[in-house]
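Let's take a walk through this structure together, one region at a time. Keep the sequence and the 3D view open as you read.

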Amino acid sequence: MMVDIPSPDQRRRNILHWLQESQSLTIEELVSRLGVSIMTVHRDLDQLVKEGIAQKTYGRVALVRPVQENPSAAPLCAMCHTPVSFHTAFTLHLENSQQLQACCPHCGLMLLSMTDQVASALTRDFLYHRMVNVMKAAYVVESRVHLCCVPSTLCFASLEDAQDFARGFGGLVMDFEAASAYLSAQHHHAKMR
Ligand SMILES: [Zn+2]
Ligand SMILES: [Zn+2]
């Protein structure tokens with residue numbers, strides 16, 4: 001049986017492909033996948049390291065990541081166009097089965113107040129990251145904790161948690177209606193100036 005020895009270029013292409021699939025690989029794994037010596041694997045990797053594409057740690061290799069991990073994958077906030085992060089995402093499900101996302105409860109409440117035909121709206125509890133129906137949630141507005149948009153607006157599944165949080169970090173405890181009205185008034189005020 002003929003064994004095809006891949007060229008150095010071919011090997012580096014393979015390594016890059018595998019790294020994109022699985023983030024990081026051991027040197028051993030590469031030796032067995034490529035069917036070459038450990039010295040050859042190290043030579044191939046050194047080339048990728050020199051080019052700034054890969055990084056070697058003890059016995060492993062990984063891709064060098066740009067500062068922001070794959071920013072194109074994160075949806076953008078429908079209000080302020082910053083990337084939406086998992087923990088603070090605020091999602092509107094519309095009656096036509098479309099979805100709108102906001103970066104945090106601040107933008108989410110604003111978005112909700114100007115969107116028609118919303119079937120449901122969910123966000124995550126600030127402490128436990130469980131999904132919460134936004135209309136039944138409690139909000140702490142203007143606390144010292146600023147994660148995203150100003151005034152800071154955090155969401156809690158329980159009123160007691162919101163009150164305890166506000167005792168420690170300041171801010172006003174509000175229900176859905178009050179928080180929506182408060183933020184709308186703030187935005188209106190900002191526009192008038
Ligand atoms: Zn936003
Ligand atoms: Zn935000």
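Before we start, a word on naming: helices and strands here are DSSP runs, at least four residues long for helices and at least two for strands, and they are numbered from the N terminus. Bear in mind too that this is a predicted model.

With that in hand, find the loop between S8 and strand S9 (153-156), where Ser 152 sits. Is Ser 152 buried or exposed? Its relative accessible area is 1%, under the 20% that marks the limit for buried, so Ser 152 counts as buried. The side chain of Ser 152 comes to 2.6 Å from the backbone oxygen of Val 145. Setting aside neighbours within four places in sequence, Ser 152 also has contacts that include Val 140, Val 141, Glu 142 and His 146.

That loop brings us to the metals. The zinc ion (ligand 2) takes its protein donors from Cys 103, Cys 104, Cys 148 and Cys 149, each through SG, at 2.2 to 2.4 Å. Angles among the four donor atoms run from 102 to 116 degrees, and the site is tetrahedral. Along the sequence, the donor residues of this ion follow the pattern C-C-x43-C-C. Here distant parts of the chain are linked: Cys 103 belongs to the loop between S5 and H4, while Cys 149 belongs to the loop between S8 and S9, 46 residues apart. Both Cys 103 and Cys 149 are buried. Cys 148, in contrast, has a relative accessible area of 35% and is therefore partly exposed, since that value falls between 20% and 50%.

Now turn to the other ion. Which residues coordinate the zinc ion (ligand 1)? They are Cys 77, Cys 80, Cys 103 and Cys 107, again through SG, at 2.2 to 2.3 Å. The four donor atoms subtend angles of 106 to 113 degrees around the zinc ion (ligand 1), so the arrangement is tetrahedral. The spacing of these donors along the chain is C-x2-C-x22-C-x3-C. Cys 103 coordinates both ions, and the zinc ion (ligand 1) lies 3.8 Å from the zinc ion (ligand 2). Cys 77 is in the loop between strand S3 (60-63) and S4, and Cys 103 in the loop between S5 and H4, so this pair ties together parts 26 residues apart in sequence. Cys 77 is buried, with a relative accessible area of 1%, and Cys 103 is buried at 1% relative accessibility as well. Cys 80 is partly exposed, at 32%.

With this many cysteines in view, how many disulfides are there? The count is zero, taking a disulfide as a pair of cysteine sulfur atoms within 2.5 Å.

Finally, look at the nonpolar interior. The largest nonpolar core has 27 residues, and those touching the most other members are Phe 90, Leu 92, Leu 109, Val 134 and Tyr 139. At least two residues of this core come from each of strand S4 (90-94), strand S5 (99-102), helix H4 (105-113), strand S8 (138-141) and helix H6 (176-192). H4 gives the most, with five residues. Leaving out residues up to four places away in sequence, Leu 109 touches Phe 90, Tyr 139, Thr 153, Phe 176, Ala 179, Ser 180 and Leu 183. Another core of 14 residues lies apart from the largest one, with Leu 25, Ile 27, Leu 34 and Ala 54 among its members.

Definitions and conventions
Residues are numbered from 1 along each chain as its sequence is written. Chains are lettered from A and ligands numbered from 1 in the order in which they are written. This is a predicted model: local features need pLDDT of at least 70, side-chain atom pairs count only at pLDDT 80 or more; totals for chains, interfaces and linings use all residues. Side-chain values use heavy atoms; hydrogens and water are left out. Buried means under 20% relative accessible area, exposed over 50%, partly exposed in between (1.4 Å probe, protein chains only). A nonpolar core is a set of buried Ala, Val, Leu, Ile, Met, Phe, Trp, Tyr and Cys residues joined through side-chain atoms within 4.5 Å. Contact means heavy atoms within 4.5 Å. A polar contact is a pair of N or O atoms within 3.5 Å; within protein, one must be able to donate a hydrogen and the other to accept it, and residues adjacent in sequence count only if both atoms are side-chain atoms. Donors are N, O and S atoms within 2.8 Å of the metal (3.2 Å for Na, K and Ca); water is not among the atoms, so sites may look incomplete. Four donors count as tetrahedral if all angles lie between 85 and 135 degrees; four count as square planar and six as octahedral if opposite donors are over 155 degrees apart and all others between 65 and 115; anything else is irregular.
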